[in-house]
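Here are a few friendly notes on side-chain contacts, set out point by point. Please have the model open as you read.

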Amino acid sequence: MDIESGEIWVGDEYPIILDYAPNDFSPNLSTLQKEVHPDDIEQLLKMLNECAETGNTTEMEFRRRTHSGYWLWLHAVAEVVDMEDSHKHVIGVITDISRRKHTEILDLARISVLEQLVNNEPLAEIFNSIIQMIEKTSRGALCSILLLDEQRKRLHLGAAPSLPDFFNDAVEGLEIGNGVGTCGSAAFLKKRVIVENISSHPNWEPYIELAKKADLQACWSEPIIDRHGDVLGTFAIYHTRPTAPTKQDLEVINFAARLVMLAMEKTETDDRLRLLSRVFEKADEGIMVTDQEARIVDINPKFSDITGFTRQEALGQNPSILKSDKHDTHFYRELLRNLKDHGSWRGEIWNRKKDGEPYIAQLNISSIRTPAGETTHYVGIFSDITQLKHQQQALETMAYHDVLTQLPNRVLLTDRFHQATARCNRTGTLLAICFLDLDNFKQINDRYGHSVGDQMLIQVSERILHCIRDEDTASRLGGDEFAILIGDIHSIDECRDVLSRIHRKICEPFHIEGHELTVTASSGITMYPDDQVDIDTLLRHADQAMYRVKLGGKNSFDLFNQNDDQYLIETHNQRRHIEIALRKKQFELYYQPKINMSTGEVWGLEALIRWNHPEKGLLLPFHFLPVIAGTSVEIDIGHWVIEQALKQLDAWHRAGIKVDVGINVSAFHLLSPDFEEELAKRINRYPHLDTRYVQLEILESTDFGNLEAINNIIEQCRSNLGVSFALDDFGTGFSSLAHLRNLNADNVKIDCSFVIHLMSSPDDFRIVDGVIRLAEAFDRNVVAEGVESVWEGQMLLLMGCDNAQGDAIAPPMPASDFPQWKAHFKPYPEWAAFHERTLNQRETMIELFRLSLNHWGAKFEKALLSAPSEDAEWPVIEQQHSHFSAWSKRCRKDNLITLEALAKIDGDQKKLYSLANEIRTQCETGDIERARARLPEIQMLIQEIQHQFNELQVFTCP
């Protein structure tokens, strides 16, 4: 360069470095000043001046714009020489150092990202830093990071600060696929995709106008792939003119994708560690960590809650501080052997708390090993299952025995029947199957209350047992109905003798709570093997014979007569009519909503079949389903119900109504050979239906038979079809703990027969509470059926059951009525008050007191003010059989309320029940007006008791 004139001469290679043809390049100082990067021009001119003034050799690095418009890093060495024309000239050697600069910038980028990760910078800021550095080092690059969603189907914006907002908005949620743009294809194919010219590439045909508007003409996309080979997203470089990547460009985009992957995995790992720390601290299970020498090195707060040992007391100790005396040396030796051989041990173990109290723990011990297999630590996770074990024992009894009388229930009766028939077949003897029903028991129950009725049923059971042998079986089927098996007899007369003794014994007076009561019984008999059918049919035959006794005047027994029995004929005709009704489309599904009572969310419905009978009108299921039980017609009806329910659910979902639908399925239908195939065929007719919203409700009121086979079907349908299952009518005759333990059902539905009497029967309260606690222990959702009033809903919410269905919410309705009902539905304010409300055990017990008292008062007032012609339904007025008595004992046992407060409330309760008895007696003896005039006395006593609750200073329902 001539210093005086500013004229510049260059060699042929210099224009080529700058992407010029030699003839197109104009070397002069003015052009140089325009083309050098603004941040570098001042230093470059200073270098030239210094070189001209001092004559010293100088050098520097600077950026110059290429003919293509990109910045190129150059290294210049300059010195002054005197030429023959006496002018001073600066001679420079220019070297392309872009490759070195490229490497330096990438190293700086890597270091910068690592520093941000160490400082726990947000991922979005790290993404922006990576993009800024890549755009700085890559010629004309505009970068974007897109992340794949959890379903691995769509891309969402991670960062793209240099791209227009409208372009980013349009790309948001892009579904990946072969041929879907550049990034959609790269994510789908899991390999780099290069589009040098967007306007002519088929992948971009649907997005040409978008690219033109954003002035984008080239796009290179690199998939971001983690160390497991899974695609996390894409890193893309755009250009504003058609451009093919150089080898350096490909290195840059690969580097950027790996840097993004590193940032994402490091952030995910940090999040996981923070989550694990929170889980450790907040876990509901006790956690203990020991070193390889079995010294405790860490515990979580729940460990201290369960065992009573503080952290300071436990650290450094051996886990043997929890050892009880309930296991021998062999038990612990086997535990350690399993831990050594298999790296883990799981089971139940008796341990002892710090205060010496024993408890049962569900314990899982795992060894922590290095990659080389060396054990460094042991982790023990345990929960206190003592209460659960007690509940299991109680429910095991419930599973095979009637809760009230402790007689065998239907399940155990069936087992005893099979044993007895096998013995008859071996010995050639007879087996009598008797069906006994108490006469006019309902009047006693209504007159004297459930507590008196229950005591009578217990004493009737004892009298029956007194009259039969130990090898015979007496079973309570429900209500006041009993079944009796009398085996090893040789004639009907022997059976008659036994029944005569039973009837005479039952006719003797009962003395219950100061009342002398009498009752009679009617019985029917059928004989095996003369009547050689299954247990259900035999009981129906005995029931038929008993019914004839009822019609003939009661207080006797009769033998089933096969010859003149019309039952089979009637059954056959009924089944034929049902088959015709199915063909003529006379059946219809009604739907009863299921809700969360505290939030008001309508989350599901139960499909219930109805028969639009041409003569009898709308018939409920109990009018026709029992007739077809165990037949092919039952399976046909079941398939029809599933088809119609799926069709309706699909229609609702298409209309935007997202709800579950529960479909009742009997065990007999479930065990049919092609059940799964038929279910799949019907589901496949609705390809857009999300089967997670389909729930099959297995009716526990039917005999389950082979539990293993049923569970296999459940597992196959869950795995292959995505449907869920519920145990319906839980708590009825056939339910057992084995069902809950062995059947992988998602929901447990408490039978309505228990919910209906929840407010008046402490026994039903205990059953419902036991089912709720057991469902929680087995991680099942629980739904209460038969909620008929706001009272039961409040009680259930206090007991921890939020989900319910029943007429208090809505009766079953045609499908066409549901959308409008849902749009206008609002939960009871009394229920909504429970939303996000937490009570401790003491507060819950007091709320139960208050609720029960309010319900009792409302029921008493209604009965007192009812018309004389009405059959008044009085509440329980015997304190010892009331909810108050049961809960008072619980409060004393658990020390929830002071004895002084309980004693005062107890005294007022006694006054209340005594006064209620006086008023009821006045009312029933005809002195109604004087009885009603004393209602304020009842109300004042209730107010006094409520005042005592207020003094306990707990939150109460509005």
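1. Please keep in mind that this is a predicted model. At 7% relative accessibility, aspartate 908 counts as buried. The side chain of aspartate 908 meets that of lysine 911 in a salt bridge, with N and O 3.9 Å apart. Both residues belong to helix α33 (residues 899-924), where they sit three residues apart, about one turn of the helix.

2. A similar check can be made in helix α17 (residues 492-507), where arginine 496 and aspartate 493 are three residues apart and so separated by about one helical turn. They form a salt bridge whose closest N and O atoms are 3.2 Å apart. Arginine 496 is partly exposed at 32% relative accessibility, and aspartate 493 is also partly exposed, at 45%.

3. The count for the structure comes to 45 salt bridges. One of them joins aspartate 298 and arginine 311, at 2.6 Å from N to O. Because aspartate 298 lies in strand β11 (residues 296-299) and arginine 311 in helix α11 (residues 311-314), this pair ties together parts that are 13 residues apart in sequence. Aspartate 298 is partly exposed, with a relative accessible area of 23%; arginine 311 is partly exposed too, at 37%.

4. Some salt bridges join up: a network of them links Lys594, Glu606, Glu697, Lys749 and Glu785. You may like to select these five residues together.

5. Turning to the rings, the structure holds 20 aromatic pairs. Phenylalanine 331 and tryptophan 345 have ring centres 6.0 Å apart and planes at 85 degrees, so they are edge-to-face. Since phenylalanine 331 is in helix α12 (residues 329-342) and tryptophan 345 in strand β12 (residues 344-352), the pair ties together parts 14 residues apart in sequence. Tryptophan 345 counts as buried, at 13% relative accessibility.

6. How are the rings of phenylalanine 587 and phenylalanine 624 arranged? Their centres are 5.5 Å apart and their planes at 45 degrees, so the pair is tilted. Phenylalanine 587 lies in strand β22 (residues 587-596) and phenylalanine 624 in the loop between β24 (617-619) and α20 (625-628), so parts 37 residues apart in sequence are tied together. Phenylalanine 587 is buried at 6% relative accessibility, and phenylalanine 624 is buried at 1%.

7. One aromatic cluster is made up of Tyr591, Trp652, Phe818, Trp821 and Phe825.

8. Finally, two charge-over-ring contacts to look up. Lysine 326 lies over the face of tryptophan 350, 4.8 Å from the ring centre. Arginine 463 has its charged end over the ring of phenylalanine 510, at 3.6 Å from its centre.

Notes: Residues numbered from 1 in each chain as written. Predicted model: local features only at pLDDT ≥ 70, side-chain atom pairs only at ≥ 80, totals over all residues. Heavy atoms only, no water. Salt bridge = Lys/Arg side-chain N within 4 Å of Asp/Glu carboxyl O. Helix = DSSP H or I, 4+ residues; strand = E, 2+ residues; numbered from the N terminus. Buried < 20%, exposed > 50% of the residue type's maximum accessible area, 1.4 Å probe, protein only. Phe/Tyr/Trp six-rings, centres within 6.5 Å; stacked < 30°, edge-to-face > 60°. Lys NZ or Arg CZ within 6 Å of the ring centre and 35° of its normal.
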